[in-house]
Amino acid sequence: MNILSYNEFVEDQNYETIEELLQTVYTDEMLLEMANISQSTTGLDVIIWVQTNNTQSTGKHNLPRIKFQNNTATKIQINELIPISISDDPKILLKNNDLNKIKISQTQINGIKQWIMKNKEILIDYWEEKITTDELFQKLKK
């Protein structure tokens, strides 16, 4: 077995900074803990990300939430996620309420909010781990 030192590992992975390495590790953990829902499943212009409130890497949240990809790309871009509450009146949950980070249109945001309200009970059940990911996908409405 070939055991690499930390520096050898970083060099072998072509990471230029420790921040880049940590972002990759964080991203890999997030991808394992979240399920993405494609545009063809939701009928939205963006990819939606869902998770339960039993998230190990980021800790538990007080408010049920999903995340939407902050662009209309069909390729997953984990660094482009924006949290939004699962509620009767969904709110974007950015630190300092920095809505200038939003790249998609207000019409697209309104579509996401309407989709959340339409699927609120199902999304809450998934958040609370009352249903599986398979059941979530079967029950979601466009």
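These are my notebook entries on the sheet, one helix and the core of a predicted model.

**Ground rules.** I numbered residues from 1 along each chain as its sequence is written, and I used heavy atoms for side-chain values, leaving out hydrogens and water. Because the model is predicted, local features need pLDDT of at least 70 and side-chain atom pairs count only at pLDDT 80 or more, whereas totals for chains, interfaces and linings use all residues.

**Sheet.** I looked up the strands (DSSP runs of E, at least two residues, numbered from the N terminus) and found an open sheet of 4 strands in the order β1-β2-β3-β4, with antiparallel pairing, where two strands pair if DSSP finds at least two bridges between them. The edge strands are β1 and β4, each pairing on one side only. I noted that β2 and β3 pair over 2 bridges, and that Trp49 stands opposite Lys67 in β3.

**Helix α4.** Helices are DSSP runs of H or I with at least four residues. Which residues of α4 are buried (under 20% relative accessible area, 1.4 Å probe, protein chains only)? I listed Gln108, Ile109, Gly111, Ile112, Trp115 and Ile116. They lie on the same side of α4, because they cover an arc of only 155° around the axis, taken from the directions from the helix axis to the C-beta atoms. The face turned away carries Thr107 and Gln114, which are exposed (over 50%, with partly exposed in between).

**Core.** I then turned to the largest nonpolar core (buried Ala, Val, Leu, Ile, Met, Phe, Trp, Tyr and Cys residues joined through side-chain atoms within 4.5 Å). Of its 26 residues, Ile48 and Phe68 touch the most other members.
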